[in-house]
Structure formats: C-alpha cells, structure tokens
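Subject: Structure for you to look at

Hello,

Here is the structure I promised to pass on, with my notes below it. Please have it open as you read.

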Amino acid sequence: MADRPSGYRGQGFSLRGEKGRYVLPPSFRKVFADNNDERVLCLAKHEKYPCLTAFGLSRTDGFEDQLDKEEESAIRRGVDFDRDLRSMQLWGFTEVPFDSSGRFILPDHLSDLGGLADAIYFQGGGQFITLWDPRRLQAMGAGFENAQAACRTMAADADAKGARGKRK
C-alpha cells in the first residue's frame, strides 16, 4: 500500500486573478508532491461531463493497463473498442506548468472546452481532479448536490473576500 499514489480528494475554488492566472488549491498541490510529480497539470476535456479533468504525469504510468482493461471489458460485453481513439483521448492532454504557489495559466482552447471564464471549482476524484465552471456545475442533475453546495459556499467566500479587498 505504501507504493500506491496519493489520490486527489476534497474541493477547492479559484477566481481568475492577475495576469489571467488561477491557483491550484494547496490540498491538490500536496498530492503532486506526495506522488513525486513534477509541477505540471495534465489537462483535458472530461470524456463524459462538461468540465476539464486534471492529473499528474505519474498517472500516465497506468494508461496501457487501463487500455487493456477497457479493451477486455468491451470484448466481454460484445461492443466495439477503438483502442487508437481511446489512446488518443488518454494521451491527448495538455501539460500546463504551475509554480510553487499553484498559479497556472489555462490555455484558451481548454478554457473554451471547459466553459471556464472567471472561476474554477476543483473537485477531487481519486486519480484525477475535475475543473468546473460554477454555472455548468450548478446545471448538473442528481448526484452532484455535494459538489454544487461546496461550490456555492466557496464562490460566496471568494466573492466576499474580493469585495473586502476592493474596499481597502
């Protein structure tokens, strides 16, 4: 169990800041450090939900095993499996560096794919993190209530802090 990588858990929130940068929450940065990952977010469009997914480079070590399992599952169920397409989906991520404070710039094409503009809600998912536009997350149905509530609270806190900062 000691060799098992740490998983991403919890939530976080970041407003787009100065110079168009967002901040990866500290709890997620800690997982990168625990897994001896470089300070690089691997970002891609989530295959199912209207958000982005992120992970560390160490996750790629398991991609071939994942492909094998998905292919075996498809064969057992009697459905087509396009290994080349699935491989391109897994390996088609964009590497985005972040600094020691977690600041990163989200490339325009990923902002567009994720519908991200002024804020990101981060949701831990074990082997990955999802990055949500708060409005898109609020539009999701059953099963997303916990994330929606956390996002509303964190957004309100961020707005309150921003308003206090502007009064100074």
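Contact here means heavy atoms within 4.5 Å. By that rule, and not counting residues up to four places away in sequence, Cys42 touches Thr53, Ala54, Phe55, Gly56, Leu57, Phe93 and Thr94. Please keep in mind that this is a predicted model.

Cys42 is a good place to start. Cys42 lies in strand β3 and, at 0% relative accessibility, counts as buried. The C-alpha atoms of Cys42 and Asp99 are separated by 14 Å, with the two residues 57 apart along the chain.

From there, on to the strands. β3 (residues 40-45) pairs with β4 in the antiparallel sense, over 4 bridges, and a hairpin joins β3 to β4 through 6 residues. One bridge to look for is that of Ala44, whose partner in β4 is Thr53. Strand β4 (residues 52-55) is covered on both faces: Leu52 and Ala54 are buried on one side, Thr53 and Phe55 on the other. β4 also pairs with β8, again antiparallel, over 3 bridges, and there Leu52 stands opposite Leu131 of β8.

β8 leads on to β7. The strands β7 and β8 (residues 129-132) run antiparallel and are joined by 4 bridges; within that pairing, Tyr121 has Trp132 in β8 as its bridge partner. The two strands form a hairpin with 4 residues between them, and Gly126 in the turn has a positive phi of about 85 degrees. β7 has a further antiparallel pairing, over 5 bridges, with strand β1 (residues 11-15), where Ser14 has Ile120 of β7 as its bridge partner.

How many of the 6 residues of strand β7 are buried? The count is 6 of the 6 in residues 119-124, so the strand is largely enclosed by the rest of the structure. Both faces are covered, with Ala119, Tyr121 and Gln123 buried on one side and Ile120, Phe122 and Gly124 buried on the other.

Next, the nonpolar interior. In soluble globular proteins, nonpolar side chains tend to be buried together. In this model the largest nonpolar core has 20 residues, and those that touch the most other members are Leu24, Leu41, Phe104, Leu106 and Ile129. Elements giving two or more residues to this core are α1 (26-34), β3, β4, β7 and β8, and α1 gives the most, with 3 residues. Leu41 is worth displaying with its surroundings: leaving aside neighbours within four places in sequence, Leu41 is in contact with Leu24, Phe32, Ala54, Phe55, Thr94, Glu95, Val96, Phe98 and Phe104. Apart from this core lies another, of 13 residues, with Ala119, Met140, Phe144 and Cys151 among them.

Finally, the cysteines. The structure holds 0 disulfides. Why is Cys51 not bonded to Cys151? A disulfide needs the two sulfur atoms within 2.5 Å, and the sulfur of Cys51 is 12 Å from the closest cysteine sulfur, in Cys151, which is too far for a bond. Cys151 is likewise in no disulfide, with the sulfur of Cys51 as its nearest cysteine sulfur. As for burial, Cys51 counts as buried at 0% relative accessibility, and Cys151 counts as buried at 1%.

Do write back with any questions once you have been through it.

Best wishes

Key
Residues are numbered from 1 along each chain as its sequence is written. This is a predicted model: local features need pLDDT of at least 70, side-chain atom pairs count only at pLDDT 80 or more; totals for chains, interfaces and linings use all residues. Side-chain values use heavy atoms; hydrogens and water are left out. Buried means under 20% relative accessible area, exposed over 50%, partly exposed in between (1.4 Å probe, protein chains only). Two strands pair if DSSP finds at least two bridges between them. A nonpolar core is a set of buried Ala, Val, Leu, Ile, Met, Phe, Trp, Tyr and Cys residues joined through side-chain atoms within 4.5 Å.
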